[in-house]
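The following paragraphs lead from the overall form of a protein chain to its interior and then to individual residues. Please keep the sequence and the model in view while reading.

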Amino acid sequence: MAVSKNLRKGLGTLTSVPLVIASVIALNLIGVFVFARFDLTDAKLYSLSEASRRLAESLDDPIVVKLYFSDDLPAPYNANARYLKDQLAEYRVYSGGNLRYEFIDPMKTDREREAQALGIPPMQVNAYEKDKIELKKVYMGVAFLYEDKREVIPVVQSTRNLEYEISSAIQKVTAKTLPTIGFLTGHGETDLASQMQMVSQALSQLYDVEPVTIPAGEAIDPKVATLIICGPTDSVGAWDRYAIDQFIMRGGKLAAFYDPVAADLQQQTAVDRQTNWPEFLAHYGIRFQPGLVIDARCGQIAIMQQQGFIRYQNVVDFPYLPQVVHFNPDNLIGKDLEGVTFPFVSALDSTLADSMGFSFVPICWSSDHSGVRRSPYYVSPMQKFDKPDFDRAGMILAAAITGSFATAFPQGPPPDAGADPTKIPAPLRAATDGRMVVVGDADFCNDQGSRSASNLAFLLNIVDWLTKEGGLISIRSREVTSRPLAEVSEGTRSLVKYANVFGPPLLVVLVGVWRWQSRRRAKRG
């Protein structure tokens, strides 16, 4: 019997081992194609967004992703390769096998020239080895190859915004044509090349970006899908007004970022801007409220102060830099954004658009403690503000306007346009699917303003929404994590303050009294 039992036990062991091995292999194979992940982050940062899944599912032809990563990357860069592999594994599953990827160590495989020819440079990073820090040559780039086109992420230094970069690269490399985003010039606008380099670089990932000039008698280039008017300081001429109007009538989308007040913090001056842009834009339901918005929720600036012989730097709140945290959750542009700063912004008036039958949808509002300053302005950082100064709430600072727009020039170009009317095509008279975004500030998106990731994301979201590339907005916005503290009342603030100061010592005293009384009762008992 003992022999039989041992025999059965041995046979059981022999059969269970292959079963365990087969089960492990089966689980690994299933794991390649099926994901089960518990992503506990608020924005699901470690799971592919719905937009990325749809993008992967839309791939009809194979796309090859080559990851030129050195095998022995030091921390923290070695974690990037693992994160990237997990992300691409999900893309591959949703693509139905149309996305393939391979890891290549250029130095071990003698493919450095190949990597560099694709635009992936070697990097020098610090590596802690043998009790000392050394500079190490590594590669950390990705190339997306599709048909005869390629798109490259030269260096992956962190996982922040990586899904957006991957999806942008896939979308750009597989697109037949790229939409063109035009920045109007010729009226003192913010210069794209010298003052909006960050915006230009970010937009170039998905669009063709170019300045737009309007020669007399010529229309705006038909390839321009979205026209951005950013911070004009001079009036717009008759022909330019007509050309912009006809651009809108042919279905072009418009973003108007306008400063009704010309403010200069260095000079501490501000004056109402005198141009004809408000009059022209009013035809499309756009109206700015006079004055500058001030907000108790605001950015800070550093100023130099002097006390006696001592000169020191101080950081003070500056209510002329409203920090917006109230976004319309029903509009994609502000969805999931948590804070945008508008320097010297003016509020918008919705009544004109409403009276003209347009859909006027606020994108963001000032806080519940905001106010307005009107001419003459005093914009010194030393200015003191009191609670009564913030007597307004929820002023609209950016809005989307949609609807059917009628031309402002039903008779053709105005007589003073300077163009030969016999050579001009008949005017287009209406646009049925008009779409515009207006912001009472233009400084939020120049190079200084777009240093803020939220400000840059806000501008990119506007362009995506206008150009109907809304899918990427949800990816970009969820990576922007600015978590300002929630506003609380003065009473709540004081309660929390004193509870933190006196609460812990009081708790210690109470525990001590309780133990003292317990010991006394124990001795008596």
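The protein chain has a radius of gyration of 30 Å, whereas a compact globule of 525 residues would have one near 24 Å. This is a predicted model, and every value given here is to be read accordingly. Taken along the principal axes, the box filled by the C-alpha atoms of the protein chain is roughly 115 × 85 × 50 Å. The secondary structure of the protein chain comprises 13 helices and 21 strands.

The overall figures continue with burial and surface. Among the 525 residues of the protein chain, 44% count as buried. The exposed area of the protein chain is about 28,000 Å², and 55% of this area is supplied by carbon and sulfur atoms. Of the contacts in the protein chain with a separation of 6 or more, 75% are between residues 24 or more positions apart. As for charge, the protein chain carries 54 positive and 58 negative charges, and the mean positions of the two sets are 13 Å apart.

The interior may be considered next. The largest nonpolar core has 48 residues, and those that touch the most other members are Phe257, Phe342, Val437, Val439, Phe458, Leu459 and Ile462. Which helix gives the most to this core? It is helix α11, spanning residues 453-466, which contributes nine residues. Apart from this core lies another, of 39 residues, with Leu227, Met249, Ile401 and Met436 among them. Within the largest core, valine 437 offers a useful point of inspection. Beyond its neighbours within four places in sequence, valine 437 is in contact with Leu254, Ala255, Ala256, Ile333, Ile363, Ala399, Ala400, Ile462, Trp465 and Leu466.

Another interior position is found in strand β1, where tyrosine 68 lies. Tyrosine 68 has a relative accessibility of 0% and therefore counts as buried, the cut-off being under 20%. Not counting residues up to four places away in sequence, tyrosine 68 touches Ile104, Pro106, Glu114, Ala115, Leu118, Ile120, Tyr139, Met140, Gly141 and Ala143. Arginine 111 is 43 residues from tyrosine 68 in sequence, and the two C-alpha atoms are 9.1 Å apart in space.

Two loop positions illustrate the partly exposed class. Proline 179 is located in the loop between α5 (162-174) and β7 (180-184). Its relative accessibility is 22%, so proline 179 counts as partly exposed. Although proline 179 and tyrosine 207 are 28 residues apart along the chain, their C-alpha atoms are separated by 5.4 Å. Lysine 223 is placed in the loop between β8 (208-212) and β9 (224-230). With a relative accessible area of 46%, lysine 223 is partly exposed. Leaving out residues up to four places away in sequence, lysine 223 touches Thr180 and Glu210. A separation of 35 Å divides the C-alpha atoms of lysine 223 and glutamine 87, which are 136 residues apart along the chain.

The backbone itself also merits attention. Most peptide bonds are trans, and most residues other than glycine have a negative phi. Against this background, the peptide bond from alanine 75 to proline 76 is cis, its omega being near 5 degrees. Proline 76 belongs to the loop between β1 (63-69) and α3 (77-94). Serine 375 and proline 376 are likewise joined by a cis peptide bond, with omega about 0 degrees. The loop that holds proline 376 runs between β19 (370-373) and β20 (396-406).

Positive phi values occur at two non-glycine residues considered here, glutamine 268 and phenylalanine 344. For glutamine 268, phi is near 55 degrees. This glutamine 268 sits in the loop between β11 (261-264) and β12 (269-272). Is glutamine 268 buried or partly exposed? Glutamine 268 is partly exposed because its relative accessible area is 37%, a value to be set against limits of 20% and 50%. For phenylalanine 344, phi is near 50 degrees, and the residue lies in the loop between β17 (340-341) and α10 (351-355). Phenylalanine 344 is buried, with a relative accessible area of 6%.

Technical notes:
Residues are numbered from 1 along each chain as its sequence is written. This is a predicted model: local features need pLDDT of at least 70, side-chain atom pairs count only at pLDDT 80 or more; totals for chains, interfaces and linings use all residues. Side-chain values use heavy atoms; hydrogens and water are left out. Helices (H or I, at least four residues) and strands (E, at least two) are DSSP runs, numbered from the N terminus. The radius of gyration is taken over C-alpha atoms; the globule rule is 2.2 Å times the number of residues to the power 0.38. Buried means under 20% relative accessible area, exposed over 50%, partly exposed in between (1.4 Å probe, protein chains only). Contact means heavy atoms within 4.5 Å. Accessible areas come from the Shrake-Rupley method with a 1.4 Å probe; for residues, only the protein chains shown count as cover. Lys and Arg count as positive and Asp and Glu as negative; His and the chain ends are not counted. The place of a charge is taken as NZ of Lys, CZ of Arg, CG of Asp or CD of Glu. A nonpolar core is a set of buried Ala, Val, Leu, Ile, Met, Phe, Trp, Tyr and Cys residues joined through side-chain atoms within 4.5 Å.
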